[in-house]
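Please look through the structure below with attention to one helix, one loop residue and the spaces enclosed by the fold. The paragraphs that follow take these in turn.

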Amino acid sequence: MPILNRAAEMQAEVAEWRRYIHARPELLFSVENTAAFVAGKLREFGVDEIVTGIGRTGVVGLIKGKKEGSRTIGLRADMDALPLTEITGKPWASTSPGKMHACGHDGHTAMLLGAAKYLAETRNFNGNIAVIFQPAEEGGGGGNLMVQDGMMERFGIEEVYGMHNLPGLAVGQFAIRRGAIMAATDEFTVTIKGRGGHAAQPHRTIDPIAIGAQIVTNLQMIASRSADPLRSVVVSVTKFNAGFAHNVIPNDAQIAGTIRTLDAEVRDLAESRLKQIIDGIVAAHGAQADISFHRNYPVTVNHATETTHAIAIASEIAGAANVDSEIDPMMGGEDFSYMLNARPGAFIFIGNGDSEGLHNPAYDFNDEAIAHGISYWVRLAEQRLGA
């Protein structure tokens with residue numbers, strides 16, 4: 001079966017919703033206007049139950065099938081934008097300076113709204129569909145807050161599914177894998193405390209810049225010598241701040257960065273080795289270090305059975321040849337991971353075509369993907385609930 005006829009008919013209307021959201025980007029949990037737009041559309045569609053304020057500004061709509069059933073599955077989209085200045089020049093470009101939808105969450109929200117409209121019209125399933133609109137994916141952990149607010153228990157959600165657009169993957173294609181599909185995203189900040197002095201008398205100082213340079217270099221030993229080479233880990237130092245004059249060695253320096261891993265054991269190893277390496281280097285030079293390590297999003301792990309269901313539906317919509325069921329894991333992070341830790345489910349990529357990359361100020365969601373996304377959501381819901 002190709003894309004659903006009704007989904008194709010809805011594409012222009014859903015694209016208008018998408019462009020409305022795109023022009024009015026909001027950040028993190030401050031998505032009140034987007035959430036109000038979503039809730040208003042769900043009311044128009046006749047969704048049976050609409051709850052706002054989950055995870056601070058999240059929205060959940062419950063759609064009941066024609067036949068009563070005890071099972072409920074969740075379909076999730078994210079709503080927040082990024083702190084970037086858009087340069088697309090599109091008629092629907094951001095009207096909020098310094099904010100833009102550079103990751104396609106406007107498209108994710110619009111596609112799920114389109115699926116909600118379709119499902120509320122047809123109700124060709126047994127049980128309930130929970131459409132989940134989440135705030136603060138871009139660093140705020142909104143998915144975690146929705147889980148902590150008891151969303152899964154409140155709506156009786158047994159399985160949960162997510163979708164994200166992927167530039168470089170052709171429109172009409174899908175990509176997914178069983179197991180880890182996106183990485184844990186941990187962050188570290190290190191303040192090296194030395195002893196400042198005149199740059200011409202380095203022997204009277206404890207130079208935090210020289211010590212920091214050694215730390216930066218040696219942290220790469222985590223990936224090259226500490227971790228199993230067949231188990232992925234990325235250690236990236238992305239900030240190094242120190243000094244204020246050409247002839248002064250400063251008292252301190254600060255470095256910061258991120259560690260990305262795909263399994264819990266390597267995640268623990270990387271954190272432990274980072275601290276050991278830093279402590280050893282600063283001790284060797286008579287300095288001190290304050291280390292702040294923040295465990296951010298966990299690994300996004302697709303459950304085997306639910307991934308099999310997702311592959312089958314994507315193949316039904318796009319054809320098996322257009323579904324990559326063994327895509328390589330990505331070292332970016334995704335807070336849908338919290339929902340997958342709470343309930344079995346699967347996270348799939350949908351093609352955005354030859355667009356600019358995510359988080360690029362020239363990026364725009366490809367509206368040609370809308371009918372494919374709606375069709376996937378609808379058929380997944382119907383298949384999982386026995387229609």
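In helix α6, the buried residues (under 20% relative accessible area with a 1.4 Å probe and protein chains only, where exposed means over 50% and partly exposed in between) are Pro208, Ile211, Gly212, Ile215 and Leu219. They cover an arc of only 100 degrees around the axis, taken from the directions from the helix axis to the C-beta atoms, and this puts them on the same side of α6. An α-helix has 3.6 residues a turn, so residues three or four places apart point the same way. Helix α6 runs over residues 208-219, and at 1.5 Å a residue its 12 residues should span 16 Å (1.5 Å times one less than the number of residues), which agrees with the 16 Å between its end C-alpha atoms. Helices (H or I, at least four residues) and strands (E, at least two) are DSSP runs, numbered from the N terminus.

This is a predicted model, in which local features need pLDDT of at least 70 and side-chain atom pairs count only at pLDDT 80 or more, while totals for chains, interfaces and linings use all residues. Residues are numbered from 1 along each chain as its sequence is written, and side-chain values use heavy atoms, with hydrogens and water left out.

Histidine 285 lies in the loop between α8 (264-284) and β13 (288-294), and its relative accessibility of 35% makes it partly exposed. Although 74 residues separate histidine 285 from isoleucine 211 in sequence, their C-alpha atoms are 7.5 Å apart in space.

The largest pocket (on a 1 Å grid over the protein atoms alone, an open set of points with protein on both sides within 12 Å along at least five of seven lines, whereas a cavity is a set where a 1.4 Å probe fits but cannot get out; lining residues have an atom within 4 Å of a point) holds about 580 Å³ of space. Of its 29 lining residues, Glu138, Thr185, Arg260, Gly333 and His359 are the closest to its centre. Strand β12 gives the most to this lining, with 5 residues. Domain 1 (3-180 + 298-383) and domain 2 (183-292), whose bounds come from an automatic or database domain assignment, both give residues to the lining, so the pocket lies between them.

A search of the whole structure finds 1 cavity of 30 Å³ or more, and the largest cavity holds about 40 Å³ of space, a volume being that filled by probe spheres set on grid points joined across faces, edges and corners. Its lining consists of Arg76, Ala77, His108, Met111, Met163, His164 and Trp377.
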